[in-house]
Amino acid sequence: MQIEIYNPKNEPLQPVQWNYKELKEQLITSLNAYKGRVYTDETISDAKKDRANLNKLADAIDNRRKELKSLYLAPYQEFEVKAKELINLVKNQSKEIDEQVKEYDKQRKLDKNEKIKVRYLEIMGNLAELVPYSKIHNSKWLNVTYSMSNIDLEIAEKAEKIKTSLETINNLNLQQEISEEIKRIYLDKLDLSYALDAKKRIELERKQLAQYEAEKEEKPQEKPTETTQVQEIEPPKQENQPVYTVDFRVIATAEQLNELKNWLRTNNINYGPVNG
């Protein structure tokens with residue numbers, strides 16, 4: 001099936017034959033009469049006539065141009081309309097097939113993804129309970145050119161990396177609470193460097209807390225205890241405002257306790273230790 005053009009043949013169309021050169025010479029001669037012409041108040045009406053005549057001449061040439069353009073384009077425009085009609089017939093059918101191809105490809109990817117999940121569980125073993133498949137999924141695996149053998153290899157590599165990273169954390173001999181927290185951070189990001197940085201931050205926080213506790217034991221009168229009991233001492237009564245006494249326990253860091261003390265003072269609230 002092919003398009004056959006009977007007329008015109010596969011040759012350049014013949015150019016328009018007209019008195020171009022003769023007309024150009026006549027125009028140049030005629031237009032030279034206008035060059036340098038200066039119009040005065042008395043002759044401004046002549047200027048308007050000359051302008052009108054020149055515009056009329058330009059319009060006459062342009063109208064003939066449009067006529068020839070229409071004449072030459074008419075066969076093409078008719079051909080274009082029919083050609084586009086055929087193109088739409090083809091594209092509509094192609095679209096129908098395309099929808100089936102896309103649906104097939106979508107289902108193929110879903111099926112392959114399920115196969116990969118099965119292999120993931122088999123290869124990861126107990127680690128699959130710690131690391132869900134979505135954590136290591138690679139969209140490229142769903143491509144038809146990506147073989148299952150390569151996918152198996154990549155999953156195995158990831159499993160080995162996770163296993164080694166967890167062993168590295170275990171070998172740090174951390175307190176169980178800290179060790180579990182570092183593992184949780186690692187399993188969330190699957191980034192050992194990130195988890196080890198978190199370990200340094202947690203250890204620093206614990207060291208600062210221990211230092212604060214030690215200072216608190218040495219100078220209990222200068223620093224409030226971590227579980228300071230505070231009692232509101234009834235402030236001077238103000239007219240029409242009820243006054244309450246509340247006993248409560250505060251558990252906070254040294255910085256937070258200092259902030260609380262400053263807030264109480266700023267708001268003119270009396271406080272003191274609760275006996276017992």
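Asn 113 is buried, with a relative accessible area of 15%, a value that falls under the 20% limit for burial. In this predicted model, Asn 113 belongs to helix H2. When residues up to four places away in sequence are not counted, Asn 113 touches Tyr 133, His 137 and Leu 142.

The overall architecture gives the setting for this residue. The protein contains 6 helices and 3 strands. Followed along the sequence, these elements are arranged in the pattern α-α-α-α-α-β-β-α-β. The protein has 276 residues, of which 17% are buried. Its accessible surface amounts to about 22600 Å², and carbon and sulfur atoms account for 52% of that surface. Among contacts with a separation of 6 or more, 52% are made by residues 24 or more positions apart.

The interior was examined next. In soluble globular proteins, nonpolar side chains tend to be buried together. In the present model, the largest nonpolar core consists of 25 residues, and Tyr 120, Met 124 and Ile 155 have the most contacts inside it. Two or more residues of this core come from each of helix H2 (44-124), helix H3 (148-170), helix H4 (176-189) and helix H5 (192-218). The greatest contribution is that of H3, which supplies 6 residues. The surroundings of Ile 155 illustrate how the core is connected. With neighbours within four places in sequence left aside, Ile 155 is in contact with Ile 116, Tyr 120, Ile 123, Met 124, Ile 136 and Trp 141. Two of these partners, Tyr 120 and Met 124, are themselves listed with Ile 155 as the residues with the most contacts inside the core.

Nonpolar residues also occur at the surface. A nonpolar patch is formed there by Leu 13, Val 16, Trp 18, Tyr 20, Leu 71 and Tyr 72, and together these residues have about 660 Å² of accessible area. One member of the patch, Leu 13, is located in the segment before helix H1 (20-32). Leu 13 counts as exposed because its relative accessibility is 54%, and the limit for exposure is over 50%.

Charged side chains were considered in turn. The structure holds 16 salt bridges, including several within single helices, described below. In helix H2, Arg 108 is paired with Asp 105, and their closest N and O atoms are 3.0 Å apart. Both residues lie in that helix at a spacing of 3 residues, about one turn. The two partners fall into separate classes of accessibility: Arg 108 is buried, at a relative accessible area of 18%, whereas Asp 105 is partly exposed, at 30%.

A second salt bridge in helix H2 joins Arg 119 to Glu 122, with the closest N and O atoms 2.2 Å apart. Because Arg 119 and Glu 122 are 3 residues apart in helix H2, about one helical turn separates them. Arg 119 has a relative accessible area of 26% and is therefore partly exposed.

Helix H4 provides a further example. Arg 184 forms a salt bridge with Glu 181, and the closest N and O atoms of the pair are 2.8 Å apart. Arg 184 and Glu 181 are 3 residues apart in helix H4, so they are separated by about one helical turn. Arg 184 counts as partly exposed, with 48% relative accessibility, and Glu 181 likewise counts as partly exposed, with 29%. Elsewhere, Asp 62, Arg 65 and Lys 66 are joined into one network by salt bridges that share partners.

Backbone geometry was also inspected in the loops that connect helices. Asn 173 is situated in the loop between H3 and H4. The phi angle of Asn 173 is near 55 degrees, a positive value in a residue other than glycine. Asn 173 is classed as exposed because its relative accessible area is 69%. Leu 190 is found in the loop between H4 and H5. Leu 190 is not a glycine, yet it has a positive phi of about 55 degrees.

How values were computed
Residues numbered from 1 in each chain as written. Predicted model: local features only at pLDDT ≥ 70, side-chain atom pairs only at ≥ 80, totals over all residues. Heavy atoms only, no water. Core = buried A, V, L, I, M, F, W, Y, C linked by side-chain atoms within 4.5 Å. Buried < 20%, exposed > 50% of the residue type's maximum accessible area, 1.4 Å probe, protein only. Helix = DSSP H or I, 4+ residues; strand = E, 2+ residues; numbered from the N terminus. Contact = heavy atoms within 4.5 Å. Patch = residues over 30% accessible without salt bridge, like charges linked within 9 Å, V, L, I, M, F, W, Y side chains within 5 Å. Areas by Shrake-Rupley, 256 points an atom, 1.4 Å probe, with all protein chains shown as cover. Salt bridge = Lys/Arg side-chain N within 4 Å of Asp/Glu carboxyl O.
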